[in-house]
Amino acid sequence: MKQIEQHACFGGRQEVWQHPSSSTGTLMNVGVYLPPQALAGEKCPVLYWLSGLTCTEQNFITKAGAQQHAAHHGLILVAPDTSPRGKDVADDEGYDLGQGAGFYVNATQAPWADHYRMYDYVVDELPALVEAHFPASDVRSILGHSMGGHGALVVALRNPERYRSVSAFAPIVAPSQVPWGQKVLGAYLGNDPQAWKAWDSVALVEALAAGQHGASIRPPILIDQGGEDAYLHEQLRPELLEAACAATRHPLELRLQPGYDHSYYFIASFIGEHIAWHAQALQEAP
Ligand SMILES: N[C@@H](CCC(=O)N[C@@H](CSC=O)C(=O)NCC(=O)O)C(=O)O
């Protein structure tokens, strides 16, 4: 691991690290915020953040204003880049496929399958790295925005025993049913929509209720959605998850926030509430 940034922040330290990833076969950048409690040697729970399309590890750490809340609650924040990158890594001219758009899946199709394994990176490799190199416990929660909200929901729904809680800002809840998702899932996984279901929160909620995937825990979900979000009706469609959760009695708190758009101004407005919600789950006795 090579440290490439370090900044004092709310009594703790915002760092950026770079490391070779066995999942993606590339160098990956990751933002790590260490709260004052971690700098004093305490083992702290970890909250993972997954960013959206076009983002790097920088967007969240510079725009969300999350550090003050993590410092207050004694949580480590981990915010990775959104895809493998490099001149030898497949890419596309569109902002919504390829570099900056890993979609948190394991690609099976050429030319993507060589490097696009963001699911394995987020679920297995990154926690192992964080828990070995930082004063981090193995108590984890996850949240994200838009494509990263989709990623957080899929990761938690597929691994409910590994995460205490999951929340999202303006997530893509049903990628199988919207243009962003259909484009990337078709490219990364092939054209059979059956193969997309393991990467679609609505399908996963239905599968969990039907007892598939072997998981008995059904993690409660918190979602904030801006009412003036330009992507709301075409790409995000939270009503599809709301209906699936209602039909299966999966616990969901979906809050429509009038006047807010898709930007980091929206995220910054509610990140404190999300971090407090996760802190409660992370600090409960198991
Ligand atoms: N047309 C935009 C699309 C990119 C965009 O809006 N990205 C969002 C996430 S969208 C879903 O995953 C984002 O977080 N952008 C970064 C930011 O700092 O706001 C474009 O081409 O940029």
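Visitor: What makes the approach of Ser146 to the ligand a polar contact?
Guide: A polar side-chain atom of Ser146 lies 2.8 Å from an oxygen atom of the ligand. A polar contact is a pair of N or O atoms within 3.5 Å, so this pair counts. The model is predicted: local features need pLDDT of at least 70, side-chain atom pairs count only at pLDDT 80 or more, and totals for chains, interfaces and linings use all residues. Residues are numbered from 1 along each chain as its sequence is written, and side-chain values use heavy atoms, without hydrogens and water.

Visitor: Where do Lys63 and Leu53 stand by that limit?
Guide: A polar side-chain atom of Lys63 lies 2.6 Å from a ligand oxygen atom. For Leu53, a backbone N or O atom lies 2.8 Å from a ligand oxygen atom. Both distances are within 3.5 Å, so both are polar contacts. The protein buries 72% of the 540 Å² that the ligand exposes when taken alone (Shrake-Rupley method, 1.4 Å probe).

Visitor: Why is the pair of Trp112 and Tyr116 called edge-to-face?
Guide: The whole structure has 13 aromatic pairs, with ring centres within 6.5 Å. For Trp112 and Tyr116 the centres are 5.3 Å apart and the planes at 85 degrees; over 60 degrees counts as edge-to-face, so the name applies. Both residues are buried (under 20% relative accessible area).

Visitor: What makes the pair of Trp180 and Tyr231 tilted?
Guide: Their ring centres lie 4.6 Å apart and their planes meet at 45 degrees. That angle is neither under 30 degrees, which is stacked, nor over 60, so the pair is tilted.

Terms used
A polar contact is a pair of N or O atoms within 3.5 Å; within protein, one must be able to donate a hydrogen and the other to accept it, and residues adjacent in sequence count only if both atoms are side-chain atoms. Rings of Phe, Tyr and Trp (its six-membered ring) pair if their centres lie within 6.5 Å; planes under 30 degrees apart count as stacked, over 60 as edge-to-face and the rest as tilted. Buried means under 20% relative accessible area, exposed over 50%, partly exposed in between (1.4 Å probe, protein chains only).
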